[in-house]
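User: Hi! I'd like to go through the labels used for this model and see what stands behind them. Could you take my questions as they come?

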Amino acid sequence: MDAATQQGVTRPLADGNAIPLLGLGVWQAMNGPESKKAVRWALELGYRHIDTAQAYGNEESVGEALRESGVPREEVFVTTKFHPARGDPVGEAEASLRRLGVDYLDLYLIHWPQGGPTLAWPGMERARELGYARSIGVSNFDVGELQELLAAASVPPVVNQVQFSPYEYRKGLLEACRQKGVVLEAYSPLGHGRYMASETVGRIAQRHGRTPAQVLLRWSTERDIPVIPKSTHRDRIAENAQIFDFGLSSADMAELDALDRTGGTQRALEREWW
Ligand code: NDP
């Protein structure tokens, strides 16, 4: 699929903006040539959405790649995440903008609910008000945490980025997000690289003449769920983008859904890391 077409595959957000369904994740891509090359390749291959975070330490390289690509800033959806141990979402947004070399973020997320789900939100709202971020949201929030935040927020979060794949089919969380107008975004959609070896995924991939990675990603986009696979290899970045020219049947989807190991949980995480 060419750049122009892929760019058009977006999901509307409740605040009137839209998020491209496919993005490149850059967690564990080293700041420097590794991140820079990955982002450059992705942009060349038609990706228009990059997912970074203050905690990843590679915003500079993401920004350099963006500038050097020649793709106009307004065509690329840039997400970064507030590191909740750092206290001040506004000051940290300013630092991210400097590192990225851009004058706004498309999406600014609280990376995880450290200190409670509402603690950082006033600062996130302020960052949006100041024009630092077009949209604001959260990551790794359970249903209860989302509810608490929605009850307190003046501007509601529009995205909850969580670990989500056939093996982590958090159906309860997905359903609650839908009801609340929050788009669930899938991180680690390839199980951090582990799920390509799945027998079920392999069988479905073979049936469609596709690769296991493409099936895993398509499982999310089939439901209009944005996905952000990470790779630092050009061929894999290309492979992961070829997901808009085929579909999975309801039988395929049911087989993949059955891989869930979370019991359809409303939780975002099995255990906290902070
Ligand atoms: P993924 O599920 O995207 O898997 C990435 C791994 O799979 C890498 O080891 C990569 O290797 C490998 N890979 C990618 N594509 C292919 C392919 N086509 N064939 C074979 N191997 C492949 O893992 P992540 O955990 O990185 O999740 C993706 C993104 O989600 C992150 O980069 C980050 O942006 C976001 N995220 C957000 C979190 C949060 O708390 N909000 C937490 C975790 C992730 P290689 O690079 O060597 O190609």
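User: What makes the Ser-188 side chain and the ligand a polar contact?

Analyst: A polar contact is a pair of N or O atoms within 3.5 Å. In this predicted model, a polar side-chain atom of Ser-188 lies 2.7 Å from an oxygen atom of the ligand, so the pair meets that cut-off. Backbone atoms take part too: a polar one of Trp-27 is 2.9 Å from a ligand oxygen, and a polar one of Gly-191 is 3.3 Å from a ligand oxygen. Of the 900 Å² of accessible area (Shrake-Rupley method, 1.4 Å probe) that the ligand has on its own, the protein covers 89%.

User: Which residues surround the ligand most closely?

Analyst: Asp-51, Ser-188, His-192, Ser-231 and Arg-236 are the closest among the 29 residues around the ligand. A residue is counted if one of its heavy atoms lies within 4 Å. The shell divides into 11 nonpolar, 13 polar and 5 charged residues, and H10 supplies its largest share, 3 residues.

User: Why is Asp-235 called exposed?

Analyst: Asp-235 has 57% relative accessibility, and exposed means over 50% (1.4 Å probe, protein chains only), so Asp-235 counts as exposed. Asp-235 lies in helix H10, residues 234–241.

User: How should I read the numbering and the cut-offs for confidence?

Analyst: Residues are numbered from 1 along each chain as its sequence is written. Local features need pLDDT of at least 70 and side-chain atom pairs 80 or more, while totals for chains, interfaces and linings use all residues, and side-chain values use heavy atoms, with hydrogens and water left out.

Definitions and conventions. Helices (H or I, at least four residues) and strands (E, at least two) are DSSP runs, numbered from the N terminus. Buried means under 20% relative accessible area, exposed over 50%, partly exposed in between (1.4 Å probe, protein chains only). A polar contact is a pair of N or O atoms within 3.5 Å; within protein, one must be able to donate a hydrogen and the other to accept it, and residues adjacent in sequence count only if both atoms are side-chain atoms. Ala, Val, Leu, Ile, Met, Phe, Trp, Tyr, Cys and Pro count as nonpolar, Asp, Glu, Lys and Arg as charged, and the others, Gly among them, as polar.
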